[in-house]
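Student: I have a multi-chain model open on my screen and would like to learn how to read its interfaces. Could you walk me through them?

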Number of protein chains: 4
Amino acid sequence: MILILKQTANQEQIQALIAKLEARQLTVHYSRGEQSTLLGLVGDTASIDIDNLRADDAIEDVKRISEPYKLANRRFHPLDSQIKVGERTIGEGFFQVIAGPCSVESAEQLTCVAHSVKASGATFLRGGAFKPRTSPYSFQGLEEEGIRLLLEAKRQTGLPIVTEIMSDSQLKDFDEVDIIQVGARNMQNFRLLKALGYIKKPILLKRGLANTIEEFLMSAEYIMAGGNENVILCERGIRTFETSIRNNLDISAIPLLKRYSHLPVVIDPSHAAGITWMVQPLSRAAIAAGADGLIIEVHNDPKHALCDGAQSLNPQEFSKVMEDIKRRANFEGRQFDLK
Amino acid sequence: MILILKQTANQEQIQALIAKLEARQLTVHYSRGEQSTLLGLVGDTASIDIDNLRADDAIEDVKRISEPYKLANRRFHPLDSQIKVGERTIGEGFFQVIAGPCSVESAEQLTCVAHSVKASGATFLRGGAFKPRTSPYSFQGLEEEGIRLLLEAKRQTGLPIVTEIMSDSQLKDFDEVDIIQVGARNMQNFRLLKALGYIKKPILLKRGLANTIEEFLMSAEYIMAGGNENVILCERGIRTFETSIRNNLDISAIPLLKRYSHLPVVIDPSHAAGITWMVQPLSRAAIAAGADGLIIEVHNDPKHALCDGAQSLNPQEFSKVMEDIKRRANFEGRQFDLK
Amino acid sequence: MILILKQTANQEQIQALIAKLEARQLTVHYSRGEQSTLLGLVGDTASIDIDNLRADDAIEDVKRISEPYKLANRRFHPLDSQIKVGERTIGEGFFQVIAGPCSVESAEQLTCVAHSVKASGATFLRGGAFKPRTSPYSFQGLEEEGIRLLLEAKRQTGLPIVTEIMSDSQLKDFDEVDIIQVGARNMQNFRLLKALGYIKKPILLKRGLANTIEEFLMSAEYIMAGGNENVILCERGIRTFETSIRNNLDISAIPLLKRYSHLPVVIDPSHAAGITWMVQPLSRAAIAAGADGLIIEVHNDPKHALCDGAQSLNPQEFSKVMEDIKRRANFEGRQFDLK
Amino acid sequence: MILILKQTANQEQIQALIAKLEARQLTVHYSRGEQSTLLGLVGDTASIDIDNLRADDAIEDVKRISEPYKLANRRFHPLDSQIKVGERTIGEGFFQVIAGPCSVESAEQLTCVAHSVKASGATFLRGGAFKPRTSPYSFQGLEEEGIRLLLEAKRQTGLPIVTEIMSDSQLKDFDEVDIIQVGARNMQNFRLLKALGYIKKPILLKRGLANTIEEFLMSAEYIMAGGNENVILCERGIRTFETSIRNNLDISAIPLLKRYSHLPVVIDPSHAAGITWMVQPLSRAAIAAGADGLIIEVHNDPKHALCDGAQSLNPQEFSKVMEDIKRRANFEGRQFDLK
């Protein structure tokens, strides 16, 4: 970390500042230039509050050199992480497809979708039991009953399940869930992230609609700092000025996350654009850019779906998309983890 | 709500669609044009899922005419709401200033700040006990002890207190708090919003960093739908492409929220830009544009603050800003609610 | 186009409005609902000014159904356009790679790069003669001399050249240029677009940093409306809230532009992120998502480049990227147009 | 400027880099830390291309300390600039209101509006002769005839005129115009900016829809670097994710521009939101935040305006808004420059 001092800073202020920094176990390198005086800080700067420093009368600006995250950082963990879920592996060398309905609506619907996505080659079943809806008047999910139905579908198909948690107060309901999803709107629900750090279950962490790559990795860091290193990152589209689609898939996020972190990266092409016909081209781009997997919405009857029908494929469409996905994952040398 | 049908939609599809809509108690107006066929829907369209409709084979697009929020909507509640907190009134005709430190750090700090902001004319005391921090390595607040100290400061100064909740699991700790704040990152923590709907306490709801005015009002609607109509809206800066300041205060939000809703609007000029010297010009703009109050960070010793020092005024600076605020609130004909 | 009338609109106002619309040769379909009255307009609505309509006392809102562009619209031109440049074809079935330095710096530099990119398989040579630089103190290009050097490099290598125009006042200097580029900052320089409509030369139109897909196609429409249908669309990254890279490549733009328009789409992975190591993953994503070509910066000595060194590949790096590009274009069934 | 070197940089690379920098007349301060090596550069760093430096193998990152603009920079010009237009003064202590129609449509329309805005207290007349329209099918302005009508209205009312230029090729038509406006879409039309640097006429430079404050000041610098220091900055709303209004007025731009630059700042509340009823609250906020003037659209018959009718006030509305503006400019101690 580099502190750029004000030209008006006097020796007394500078000495006081250096003393304050050294008291925090930091080594301070002093460098007086003609135009500016700099202090280079060496040590555990991740815990320093930059805003706090900026309030110091002697400091003009603060520039961070190293990233504020450690456990999620590839610098300290050069090899790709692999996350195990039962017999499946997410990350390095493998390619996984998580598929299923936006929300669990009934035993019939879920069983139907689960069997069909399995037949097409999906390796995980997704489905929402607790649904974060913008409107209080929209369908809010079957809640605990939804999780029961997911577990029943898992028993029938053998597919591990992925479902979303909305609050730390719900954790007890997720005991048998294979992968717990944190939705985009909860990416900075720090209370929830902390609670997920104390369990060992894999977490699928979705990027917030307008959160930077650094903030995304800091949220992963929250979970990892508690002791749970099983974090899967999921890019699902960001909010921009564009109005013709719901969100813009940030394809750059894949190479960026891969460079800065060792965690697996999964892409959600269904939520990204919010339109059925965009699922295939966005899936293709994601595979080519290096994603470790996809999470795709499939509904047996999209036009009667209780949520997000416009972005859900039906089983026939999904089956075709899956053929294409397999051919492309194969071209990229990724192993399709089918048992 | 208007449904624009596809040019390829045949009579069978259209009849099936109309039947489905009428089954939901909606009146359907059919209008066949040369270029397009339209269905106008009358009835309780707020509960309709637009994405669901868009998945219908016969539908090209869906246009909402009326807003999806009801309780927060000025259409159905033309007069400005006033929210009572003890002897104080927030909203129509009154102007309130909530001041205090970003986070509660100690009894000494809080008492010092509380007495000084009261002396300058602040009418509420703010202070964070549970702190949502981007980094797990930053100071996370004094938690329950922080609330205890706030209550002690209230006893000493008589200032009602405002403090932030982070999860529905914490609700029991907020029994004696006067106004519960929901932070920007939790604006769509729907589990929390629902829980706050079941109590009667005033809620200061901050707008998310990248949430639209409609989404903001839908979050207010969540709380109100549960039965708690005491919602105060707070704009605190939005995320844009600009890099020279932390966020851009959305000054348009004031007239927009006032037009679409009857709820009081408070502005946070401290978080908006994240810079001390911007607090005054942004406060001036907010008052002129019609805000009902301000929430300002004040710290007895900003350069040693444990968070957000760069945006906190010291008591002397705050005192000067308050003189200016009073003069301007008076110019606007707002009543300063001092006891 | 649908006009949603105000509930307060009286019959006199409505009749006056209908008369005004019919005077513009539009057929008006009147539909009175319980909640709202609608007017559906049929005819040449592309020339209607929506803002103008919105100012009418009787109108609550205006919803466009059809796109405001015609010549660029796939509805009226279902087949993909192919644009011929000498013996090469841009569009449907072909894949082109345009490569070369950000700016032309000297005969030696340009000749060296031109020969090397040709050897690696590039099919067009790019190079800036007139440079749009953010700072007036940065290198502004060799101007006319730069174009002379490009033409010399073309004579030596046979590669057609692509170079940027900055104003309609420069048109005479571009007589021998094969493809004229319009830069992102000039996407809505309407005077320039109009001037380019009166010539027949292919135009590579770059999307503005914060322009929507519709605005992008409207700018193409400007050129086409003048009579020049040889427009190649180029997505080069959009401006968002993200700070770790210069811009975010909008991968969704490829399927969107392909759906709404028949014009070819080329991607610029160099400017998109502004970082050398991102060129390869973004190129891969672009090819997979359906791009018709790439435009890539290559410099013989990036660290001494006079502009954009950080995003330029050197010839060895480019050669490796080209091998990968060829393999992938081949996988997608695209023809590499090499003579 | 500070260069942060890579940990892998060897002495040979570092010495070569230092030699290269010193060859550009820069003084280099070397500082070797444990974690990183820094080079501090002193001298004329404004002309250094940061991207160029970033391509150097030895450099990890580059941090600018001082702003890249000089002539527009308050550091080197501490007092507020005042710009003279005939007998009027724009800047420090004065408050000006520029009013008139979006586009000049006829002699009758313009004369009518000109007389009425003068009567209400406007001090400049605006009107578009050359109109930058998103669609080639929209009204493009009366062009040269429009300028002739503006000059006639000036003769009748004595109001100096402000009108927009779209290309350097049009400069000869603007000889008698008092203030030349550069529109938001041309803020980075560098060819135009350069041409405007060679004349002495005041330039009203509008901020681009998605341009940072630094880019805005760099565009002012382009004009000033040519020798024309008469630049008036105009904020007119920025593009964000919000969909309920056209653009978001960036109120923070006023204090930011005032701090970093000495140039006057004028606000355009009409284009900012694009809605008539927002003109008043946004004008109020702008005056309170320190603007030096306003530019407001007024049309004698907004519902028949050929462009931007939805945001134009009629003369009666403008007259009321002006009363409010005068009262507020007076409250702020600004002098209303009425002759």
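Tutor: We will go through two chain pairs, their symmetry and one loop residue. Keep in mind that this is a predicted model.

Student: Let's begin with chains C and A. How many residues of chain C are in contact with chain A?

Tutor: Counting residues on each side is a good way to start. Here 33 residues of chain C touch 33 residues of chain A. The area buried between chain C and chain A is about 2900 Å², and carbon and sulfur atoms give 67% of that area.

Student: Which three residues supply more than any other three of the area that chain C buries against chain A?

Tutor: They are C:F241, C:W277 and C:F331, which together supply 23% of what chain C buries there.

Student: And the charged and polar links? How many salt bridges does the rule find across the interface of chain C and chain A?

Tutor: The rule finds four salt bridges between chain C and chain A. One to display is the pair A:E332 and C:R328, whose closest N and O atoms are 2.8 Å apart. That distance falls within the 4 Å cut-off for a salt bridge. The same interface, chain C with chain A, also has eight residue pairs in polar contact, both residues being at pLDDT 80 or more.

Student: Which elements of chain C give two or more residues to the side that touches chain A?

Tutor: Look at α7 (253-260), α9 (279-289) and α10 (315-331) of chain C. The largest share comes from α9(C), with six residues. Sorted by class, the side of chain C that touches chain A holds 18 nonpolar, six polar and nine charged residues.

Student: How should I read the symmetry of such a pair?

Tutor: The general idea is that two copies of a chain are related by a rotation about an axis and a shift along it. For this pair, chain C is superposed on chain A by a rotation of 180° with 0.0 Å of shift along the axis, at an RMSD of 0.1 Å. The two copies are therefore related as by a two-fold rotation axis.

Student: Which residue of chain C comes closest to that rotation axis?

Tutor: That is C:A285, with its C-alpha at 2.1 Å from the axis. Both copies use the same surface, as 100% of the contact residues of chain C recur in chain A.

Student: Now the other pair, please. How many residues of chain D are in contact with chain C?

Tutor: In this pair, 53 residues of chain D contact 53 residues of chain C. Chain D and chain C bury about 4400 Å² between them, and carbon and sulfur atoms give 48% of it. D:Y137, D:R191 and D:K303 supply 16% of the area that chain D buries against chain C, more than any other three residues.

Student: What links can I look for between chain D and chain C?

Tutor: The count of salt bridges between chain D and chain C is four. D:R191 forms one with C:E143, where the closest N and O atoms are 3.8 Å apart. There are also 20 residue pairs in polar contact across the interface of chain D and chain C, both residues at pLDDT 80 or more. For the elements, α2 (50-54), α5 (190-197) and α6 (213-225) of chain D each supply at least two residues of the side that touches chain C. α6(D) gives the most, five residues. By class, this side of chain D has 19 nonpolar, 15 polar and 19 charged residues.

Student: What rotation superposes chain D on chain C?

Tutor: A rotation of 180°, with 0.0 Å of shift along its axis, and the RMSD is 0.1 Å. In chain D, D:S169 has the C-alpha nearest the axis, 2.7 Å from it. The copies meet through the same surface, because 100% of the interface residues of chain D are also interface residues in chain C.

Student: One last feature, the backbone. Where is C:Q25 placed?

Tutor: C:Q25 sits in the loop between α1 (11-22) and β2 (27-32) of chain C. Its phi is near 70°, a positive value in a residue other than glycine.

Student: Is C:Q25 buried or exposed?

Tutor: C:Q25 is exposed, with a relative accessible area of 67%; the cut-off for exposed is over 50%. In chain D, D:Q25 also has a phi near 70°, and D:Q25 counts as exposed at 68% relative accessibility.

Key: Residues numbered from 1 in each chain as written. Chains lettered and ligands numbered in written order. Predicted model: local features only at pLDDT ≥ 70, side-chain atom pairs only at ≥ 80, totals over all residues. Heavy atoms only, no water. Contact = heavy atoms within 4.5 Å. Buried area = accessible area lost by both parts, 1.4 Å probe. Salt bridge = Lys/Arg side-chain N within 4 Å of Asp/Glu carboxyl O. Polar contact = N/O pair within 3.5 Å; in protein donor to acceptor, adjacent residues only side chain to side chain. Helix = DSSP H or I, 4+ residues; strand = E, 2+ residues; numbered from the N terminus. Nonpolar A, V, L, I, M, F, W, Y, C, P; charged D, E, K, R; others polar. Least-squares fit on C-alpha atoms with pLDDT ≥ 70 in both. Buried < 20%, exposed > 50% of the residue type's maximum accessible area, 1.4 Å probe, protein only.
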